[in-house]
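Visitor: I'd like a quick walk through this protein before I head back to the bench. Can you take me around?

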Amino acid sequence: GINAEYGKQWYQRRVRVLYGQSIGTVPTIDLASRYEVRAVILHSPLSSGLRVACPDTKKTWCFDVFPSIEKISSVQAPTLIIHGTEDEVIDFSAGLQLYERCPKPVDPLWVEGAGHNDIELYAVYLDRLKSFLEKDLATK
């Protein structure tokens, strides 16, 4: 009926930018791999649950419940990856791995010297977010 059509039109007009931080990047990547979204921002992402626990893991195993490294290739939206080079919780290499497999990456933000919980304290963080939303998405 009319309400269903209005709801569909409203949904289609909305700008859908998914933002995930740390463990929140897991559902963000999952949703973006299955649904059309305008953009994705991954802040201190993990490549997989097993790779966080066992950093030398090179293969995705069937019991890895957070296989973001396998799902990122299905994300068809422009994707900004943000990661601190001194992240003490999720190794910086996780951000690099996701970036390398991402089909539509934009220039990432590697915050030199930032850890897992202090990226927002660096001025470059807000500058890059603003640039992504105002410039990178304007050209896509």
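Guide: Sure, here come a few questions and answers on the fold, the sheet and the surface. Keep in mind that this is a predicted model.

Visitor: In what pattern do the helices and strands follow each other along the sequence?

Guide: Let's start with the parts list: the protein chain has six helices and four strands. Reading along the sequence, you get the pattern α-β-α-β-α-α-β-α-β-α.

Visitor: Which strands sit at the edges of the sheet?

Guide: The four strands make an open sheet with parallel pairing, in the order E1-E2-E3-E4. An edge strand pairs on one side only, and that fits E1 and strand E4 (109-111).

Visitor: What is the bridge partner of Val40 in E3?

Guide: Strand E2 covers residues 39-43 and strand E3 covers residues 79-84; the two pair in the parallel sense over four bridges. Look across from Val40 into E3 and you land on its partner, Thr79.

Visitor: What angle does helix H5 make with E3?

Guide: H5 spans residues 92-101 and packs on the sheet, where it touches E3 and E4. Set the direction of H5 against that of E3, and the angle is about 165°.

Visitor: Is Ile23 buried, partly exposed or exposed?

Guide: Ile23 lies in the loop between strand E1 (17-21) and helix H2 (25-34). On the surface, Ile23 forms a nonpolar patch with Val65 and Phe66, about 280 Å² of accessible area together. Buried would need under 20% relative accessible area and exposed over 50%. Ile23 has 49%, so the call is partly exposed.

Technical notes: Residues are numbered from 1 along each chain as its sequence is written. This is a predicted model: local features need pLDDT of at least 70, side-chain atom pairs count only at pLDDT 80 or more; totals for chains, interfaces and linings use all residues. Side-chain values use heavy atoms; hydrogens and water are left out. Patches are made of residues with over 30% relative accessible area and no salt bridge: like charges are joined within 9 Å, nonpolar side chains (Val, Leu, Ile, Met, Phe, Trp, Tyr) within 5 Å. Accessible areas come from the Shrake-Rupley method with a 1.4 Å probe; for residues, only the protein chains shown count as cover. A salt bridge is a side-chain nitrogen of Lys or Arg within 4 Å of a carboxyl oxygen of Asp or Glu. Buried means under 20% relative accessible area, exposed over 50%, partly exposed in between (1.4 Å probe, protein chains only). Two strands pair if DSSP finds at least two bridges between them. Contact means heavy atoms within 4.5 Å. Axes are lines fitted to C-alpha atoms, for helices over the stretch in contact, and angles run from 0 to 180 degrees between N-to-C directions.
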